[in-house]
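Welcome, and thank you for taking a look at this protein with me. Could you walk me through how its parts fit together?

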Amino acid sequence: MDKWEIYVLKYAERTNALKHEHFLFTDTHNGPMPMDYFIWALKNEEGRVIIVDMGFEEKEAKKRGRRLLRTPAEALAEVRIDASEVEDLIVSHMHYDHCGNAHEFPKATFHIQEREMAFATGPNMKHPAFRDIFAVDYVVDMVRALFGDRVEFVDGFKELAPGITLHHVGGHTDGLQVVRVNTQRGWVVLAVDAIHLYANIEEINPFPLVLNVADMLNGYSTITNLADSPTHIIPGHDPLVLDRFPKVPGAEEFAVRADLTPNHWN
Ligand SMILES: [Zn+2]
């Protein structure tokens, strides 16, 4: 089975977020708790590359008050990956901060859960509470990709490549999927938005942007079972990831390797 390198690449941030915005069950202790925005690149020994998610663009960043630090394609270029040559791109879910920039990946096939496409184009989008976190242009990009024969659907589980499997967990959106990756230190799980921050799973306190709380809590169990240890679980938006894992030489400011043993765990 292939062993993969995992590049965690930060492309944007939200520095004005407050703690109570990240937890369904809140207490009186509030304060700043910033959020980072990432994409993830997987690379095997033969140089095959698979990308997880594609971020948002400047237009959406401005609209939502986020700070775009570099485009996802620029972040990839810094670790010597050419976005325009990428052939496989896993879309964890179709929220605006994971599903933009399709034009930067003109050769990519997008791997999406069936339920996510149905959710993002179906009756639940009548509700602003669910709809507002999607960007209609990015959803339409995926519909265009489908009509261009560039979408591969996943029905729950799929082995995408030797050492890479996709697992539906739902909860945050109806069709959210996580990515299990075989690495030199064992099975790592890219939880993406099934776990925004380490504290969400450590305190069993879900992120409040949730479609189904039971599915989200069951997702924590699924992810725990899929990962070799808590240090093998990579949350989707936690600034601690950049702090805990070894930095990528030449891209120290925004890129770390999650296939390597963490430098520390506190
Ligand atoms: Zn999301």
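Strand 10 and strand 11 form a hairpin, with 2 residues between them. Helices and strands here are DSSP runs, numbered from the N terminus: H or I over at least four residues for a helix, E over at least two for a strand. What you are viewing is a predicted model, in which local features need a pLDDT of at least 70 and side-chain atom pairs count only at pLDDT 80 or more, while totals for chains, interfaces and linings use all residues. Residues are numbered from 1 along each chain as its sequence is written.

Back to the hairpin: strand 10 and strand 11 pair in the antiparallel sense over 5 bridges, where pairing asks that DSSP find at least two bridges between two strands. One of the matched positions is V179, whose bridge partner in strand 11 is L190. On the other hand, strand 10 (residues 177-183) also pairs with strand 9 (residues 164-168), again in the antiparallel sense and over 5 bridges. There, I164 has V181 of strand 10 as its bridge partner. Strand 11 in turn pairs with strand 12 in the parallel sense over 3 bridges, and V192 has P235 of strand 12 as its bridge partner.

Put these pairings together and you have an open sheet of 5 strands, in the order 8-9-10-11-12, with mixed pairing. Strand 8 (157-161) and strand 12 (233-235) stand at the edges with a single partner strand each, so one side of each is left without a neighbour in the sheet. From one strand to the next, the twist averages 25°; axes are lines fitted to C-alpha atoms, for helices over the stretch in contact, and angles run from 0 to 180 degrees between N-to-C directions. Helix 7 (residues 213-226) packs on this sheet and touches strand 9, strand 10, strand 11 (186-192) and strand 12. The direction of helix 7 makes about 155° with that of strand 11. A contact of this kind means that the C-beta atoms of two residues, placed from the backbone, lie within 7 Å.

How enclosed is strand 11? Of its 7 residues, 5 are buried, so strand 11 is largely enclosed by the rest of the structure. A residue is called buried if 20 or more other C-beta atoms lie within 10 Å of its own, exposed if 12 or fewer do, and partly exposed in between, with C-beta atoms placed from the backbone. For a single example, look at V178, which lies in strand 10. V178 is buried, with 28 other C-beta atoms within 10 Å. Leaving aside residues up to four places away in sequence, V178 touches H167, V169, V189, L190, A191, V192, A194 and I223.

Now turn to strand 1 (residues 4-14), which is mostly covered, with 8 of its 11 residues buried. Strand 1 pairs in the antiparallel sense with strand 2 (residues 35-44) over 10 bridges, and E5 stands opposite K43 there. Strand 13 (residues 255-257) pairs with strand 1 in the antiparallel sense over 3 bridges, with Y7 opposite R257. Strand 4 (residues 67-68) is also an antiparallel partner of strand 1, over 2 bridges, and A12 has L68 as its bridge partner.

Which residues touch the most other members of the largest nonpolar core? Of its 69 residues, these are V8, L9, W40, L42, L190 and A191. A nonpolar core is a set of buried Ala, Val, Leu, Ile, Met, Phe, Trp, Tyr and Cys residues joined through C-beta atoms within 7 Å. Strand 1 supplies the largest share of this core, 7 residues. Not counting residues up to four places away in sequence, V8 touches F38, W40, I234, V241, F245, A255, V256 and A258. In soluble globular proteins, nonpolar side chains tend to be buried together.

Finally, step back to the whole protein, which has 8 helices and 13 strands. Of its 266 residues, 44% count as buried. Along its principal axes, the C-alpha trace spans about 50 × 45 × 35 Å. Among contacts between residues at least 6 apart in sequence, 66% join residues at least 24 apart.
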